[in-house]
Amino acid sequence: MFKNARYIRWLALLISLAVEAGAFWFGGPASDPGSGFLQNAAAKMHSVSSWGWAGLASLSMAWLWAELASVFYANGRRIKTLLKRSGVEKLVYDTGVHWLVLLRDIRLNQLNDGEKNRLEQELFTKDAPRSFAWHAIWQPIRLALATIIYFVGWLAWTIGTIPEKIVVWSAATHASLETHAAGSFAFLMAPLDAAVLSLPNWLDAAYTIAREQPVLTLALIAGAWFVLSTASRQFANTAAAGVLRLGAWTAFLTGVFAAFATPLFDWLAPIYAAFPHHGLAAVGFIPLTLASAFYFPHLLFWSSWRYAIIRDVESHDATLVTVGGVFNDLQQRVNLQRIVDTDIFQKWWQRIFDIGDIELKDMGGGEPAKVRYVARPHKLLEEIRNAIRESRRHASSSSEFEEGQ
């Protein structure tokens, strides 16, 4: 049954709706045991938190479906599964078809389950109207992007109000510490109280510097982030790598807070102060439920297409493998030892998007093998040529060894 894309869409839609219904029901006010289902549902319909949690659940499920669509094929997983059956081959390089192919298939609303002729269709078909799937995917995504922009603005406005909130929190915490000054941990109360009282001053000083010297502040934070992130890559295999990555993320988040604290975002204050409930804006994520039901099967079938170079661990012979399909299984192999010439074809706009076609000419003549719409084609071509050179070098070495015997 699930070999039909229509059923895959319905499955994704029903699971998403079930999760979002649970978030809507349990994220709102507690149900009244003395009232019926309809009365409780009506109360939750009037709750901002119910709608807010439903929107966040929609966003989470949209991200989850996107991840699930590629998890089985990313990082060479499909090729590695194929190689386990032979036991004598290893993966050298793996890539996929370009994302422009995904956009073409969505525009035409076609799912390519291992059909090479569909893969090789033109990317831009004249006079082909955009399908319902295209609009069902992109309209909710546009609305979600607008909602994200709204929440980014809300975050900027919230950061501007943090110093005032910290003053209130500090006063309340100070009063609480004075109430519990006696006891086993009385010796800790004095330094803790001093830190709580001084925190607003530290934060206010940092906030003032960010507002008065924004360029210098952001430049220093960006420099710290660059140094820490570079050091984390250089010492990736050491115990310090985790600490350096944590420092890089801390610098990044500090930069975000510093950027939002600048006067550039002061105009947001009257806008967001006028709205009493900002969580209701998360309703803008709910249409992603429909979008994910459509893009999940498209992502699933698109990510199933992989190009890989594999090498026999005993003979060192290299092979270019093309695999595709979710329910159907296409596997094509090109013996790279027989290749005498390789070419790459890219139009001017394809170089911008790093997409291209590779042509492999066999020593026996005939029709060249074509690899269409490759992502990062120059990298794949380089790996093909390296594999050919390595195979021939090993074959020459073996021949010289046999002659010496």
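Confidence in this predicted model (pLDDT, the predictor's per-residue confidence from 0 to 100) bottoms out in the chain at helix α4, residues 77–86, with a mean of 75, and peaks in α5 at 93. Averaged over the chain, pLDDT comes to 85, with 92% of residues at 70 or more. Helices here are DSSP runs of H or I with at least four residues, strands are E runs of at least two, and both are numbered from the N terminus. Since the model is predicted, local features need pLDDT of at least 70 and side-chain atom pairs count only at 80 or more, while totals for chains, interfaces and linings use all residues. Residue numbers start from 1 along each chain as its sequence is written, and side-chain values use heavy atoms, with hydrogens and water left out.

Now for the holes. A cavity is a set of points, on a 1 Å grid over the protein atoms alone, where a 1.4 Å probe fits but cannot get out; its lining residues have an atom within 4 Å of a point. Points are joined across faces, edges and corners, and the volume is the space filled by probe spheres set on them. Searching the whole structure this way turns up two cavities of 30 Å³ or more.

The largest has a volume of about 40 Å³. Its lining is made up of Leu102, Asp105, Gln110, Leu111, Asn112, His298, Phe301 and Trp302. Two elements, α5 (99–108) and α12 (288–303), give two or more residues each to this lining, and α12 has the largest share with three. By class, the lining splits into four nonpolar, three polar and one charged (nonpolar being Ala, Val, Leu, Ile, Met, Phe, Trp, Tyr, Cys and Pro; charged being Asp, Glu, Lys and Arg; polar being the others, Gly among them).

The second largest cavity holds about 30 Å³ of space. Around it sit Val97, Val101, Arg104, Asp105, Asn112, Leu119, Trp302 and Trp305. Here α5 gives the most, three residues, and the class count is five nonpolar, one polar and two charged.

On the outside, Trp225, Phe226, Val227, Trp249, Phe252, Leu253 and Phe257 make a nonpolar surface patch of about 780 Å². Patch residues have over 30% relative accessible area and no salt bridge, with nonpolar side chains (Val, Leu, Ile, Met, Phe, Trp, Tyr) joined within 5 Å and like charges within 9 Å. Accessible areas are Shrake-Rupley values with a 1.4 Å probe, and for residues only the protein chains shown count as cover; a salt bridge puts a side-chain nitrogen of Lys or Arg within 4 Å of a carboxyl oxygen of Asp or Glu. Both α9 (214–234) and α10 (240–261) supply at least two patch residues. The largest share, four residues, belongs to α10, the helix where Trp249 is found.

Note on methods: 1 Å grid on protein atoms, 1.4 Å probe; cavity = no way out; pocket = protein on both sides within 12 Å on 5 of 7 lines; lining within 4 Å.
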